[in-house]
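Visitor: I would like to go through this entry with the reasoning laid open, so that each term is set against its cut-off before it is accepted. Could we have the structure on the screen to begin with?

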Amino acid sequence: MSMSFEEKLTALGIVLPSPPKPVATYIPASQAGDLLFVSGVLPIRDGQLVVSGKLGEELTVENGYEAAKLTLLNALAIVRQELGSLNRVKKIVRMTGHVASGVGFADQPAVLNGASDLLVELFGEAGRHARLALGAAELPLHAPIEIELIVQVQQEDS
Amino acid sequence: MSMSFEEKLTALGIVLPSPPKPVATYIPASQAGDLLFVSGVLPIRDGQLVVSGKLGEELTVENGYEAAKLTLLNALAIVRQELGSLNRVKKIVRMTGHVASGVGFADQPAVLNGASDLLVELFGEAGRHARLALGAAELPLHAPIEIELIVQVQQEDS
Amino acid sequence: MSMSFEEKLTALGIVLPSPPKPVATYIPASQAGDLLFVSGVLPIRDGQLVVSGKLGEELTVENGYEAAKLTLLNALAIVRQELGSLNRVKKIVRMTGHVASGVGFADQPAVLNGASDLLVELFGEAGRHARLALGAAELPLHAPIEIELIVQVQQEDS
């Protein structure tokens, strides 16, 4: 008997943060058909950026891996808010990760594994996603990482 | 009695620029199903880049806000060209804004509000979009901003 | 009598590389409805990055144009692996090209033409795509270019 995604989240001991509130005239996510496009999210908890700086400068790959996990949890908090429950996720289609990179830093994939690993741990096969790993010059609020998700939604309640 | 999007545009006194012409073997936008993917656009008028440079170096947030507005108008000019009329817009799904950022510039969201605010002013609820705010190292032609839109299209004429 | 895309590929004398294997918990591509989202790909052959460095520093536009072609072939190798045959491509919807850019390099479009030209040569009208040309601060493995594709798939076998 397999667990639902919400049960799995609980079993993993993960508590999602409050979904971040956009501070301007955009919205946390927008659905078209069965695709949910989630806005860019940062490693925020309780409305505050938890970690700042660039990879290869202030931050190590390990710091970045942890930041990627927290950033993903913010994205999932938005997904739950939009859908009512993570159980309505059909598939994680694509994740794009923008990693604030000091000159010469080229290990963006290892940083993003913090988010990718968690997606697969939580959603199993449905969490296996296409991915882009990119190095950004700068990110809002000096965040080290910004993640964007495209999620396919179960059209009928599961 | 609510105005159509084209009427609203006129009421706001906005005249769209000529849609930018791709200078290579790509096209201004591509539709798949009811999603219209608009190519990256720059702050261009009459075929010329109107403003260049990076935020936090040559340009202030106020300069960037104005550049974001003009860039968005170029995207909307493409949308009108593709659909025949802005009235066929069902929803602005997502906007991604790439802001050319000097070292340490982290206020990409304030720059992109120039485009986000205009989307909501023009399209109302249908203009509320998911958004990514990113800092680019460099952009084509030394443009300060490049915007990408995903638009959901009314399948029947409205 | 028109050639199929696979026949056209052969006629052009193009041999696709082995599709790149993700080195982490993501997958090469993910399909939702009739849209295939291809993960970011680099200029790789036989599992090795063929060219590294930044445009405007170690690399010229001509180097970048060639790298863009090879990068695209990697994306197409994934498309064939996912669909069984390039003949199932209905349309190339959008290509995003991230070009690792030294300070002041602003000719990302000319670099990406290496990929865009090939798409149109191979797929004809179905290869005409929306495009984003962006300058990245850094890319994984010090690659000079990373390309992302969205492809619309023929739902019935053609």
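Visitor: What makes α3(B) count as largely enclosed by the rest of the structure?

Guide: This is a predicted model, and the statement rests on a count of neighbours in it. A residue is called buried if 20 or more other C-beta atoms lie within 10 Å of its own; 12 of the 16 residues of α3(B) meet that condition, so the helix is described as largely enclosed.

Visitor: Which residues of α3(B) are buried, and what covers them?

Guide: The buried residues are B:Q108, B:P109, B:V111, B:L112, B:N113, B:G114, B:A115, B:S116, B:L118, B:L119, B:L122 and B:F123. Their cover includes α1 (5–11), α2 (61–83), β5, β6 and β7 (145–153) of chain B.

Visitor: How do you know that the span of α3(B) is close to the expected one?

Guide: The expected span is 1.5 Å times one less than the number of residues, and for the 16 residues of α3(B) this comes to 22 Å, whereas the helix reaches 23 Å from its first C-alpha to its last.

Visitor: What is meant by saying that α3(B) bends, and where does it do so?

Guide: The bend is the angle between axes fitted to the seven residues ending at a position and the seven starting there; at B:G114 that angle is about 35°. B:G114 is also among the buried residues of the helix. Just after α3(B) comes B:G124, with a positive phi of about 60°.

Visitor: What does the corresponding helix of chain A look like, by the same tests?

Guide: In α3(A), a kink of about 35° is centred on A:G114, and the 16 residues reach 23 Å against an expected 22 Å. Of those 16 residues 12 are buried, so α3(A) too is largely enclosed, and the buried ones pack against α1 (5–11), α2 (61–83), β5, β6 and β7 (145–153) of chain A. The residue that follows α3(A), A:G124, has a positive phi near 60°.

Visitor: How many residues do chain B and chain A bring into contact with each other?

Guide: With contact taken as C-beta atoms within 7 Å, 24 residues of chain B are in contact with 22 residues of chain A. On the chain B side, the elements that give two or more residues are β5 (89–100), α3 (108–123) and β6 (130–136), and β6(B) gives the most, with 7 residues. By class, that side has 12 nonpolar, 7 polar and 5 charged residues.

Visitor: And which elements of chain A supply at least two residues to the side that touches chain C?

Guide: That contact takes 24 residues from chain A and 22 residues from chain C, and β5 (89–100), α3 (108–123) and β6 (130–136) of chain A each supply at least two residues of the chain A side. β6(A) gives the most, with 7 residues, and the residues of this side divide into 12 nonpolar, 7 polar and 5 charged.

Visitor: Why is the relation between chain A and chain C called that of a three-fold axis?

Guide: A rotation of 120° with 0.0 Å of shift along its axis superposes chain A on chain C, with an RMSD of 0.0 Å, and that is the relation of a three-fold axis. The copies nevertheless use different surfaces, since 8% of the contact residues of chain A recur in chain C.

Visitor: Which residue of chain A comes closest to the rotation axis?

Guide: A:A137 does, its C-alpha lying at 2.9 Å from the axis.

Terms used. Residues are numbered from 1 along each chain as its sequence is written. Chains are lettered from A and ligands numbered from 1 in the order in which they are written. This is a predicted model: local features need pLDDT of at least 70, side-chain atom pairs count only at pLDDT 80 or more; totals for chains, interfaces and linings use all residues. Two residues are in contact if their C-beta atoms, placed from the backbone, lie within 7 Å. Helices (H or I, at least four residues) and strands (E, at least two) are DSSP runs, numbered from the N terminus. Ala, Val, Leu, Ile, Met, Phe, Trp, Tyr, Cys and Pro count as nonpolar, Asp, Glu, Lys and Arg as charged, and the others, Gly among them, as polar. Copies are superposed by least squares on the C-alpha atoms of residues with pLDDT of at least 70 in both.
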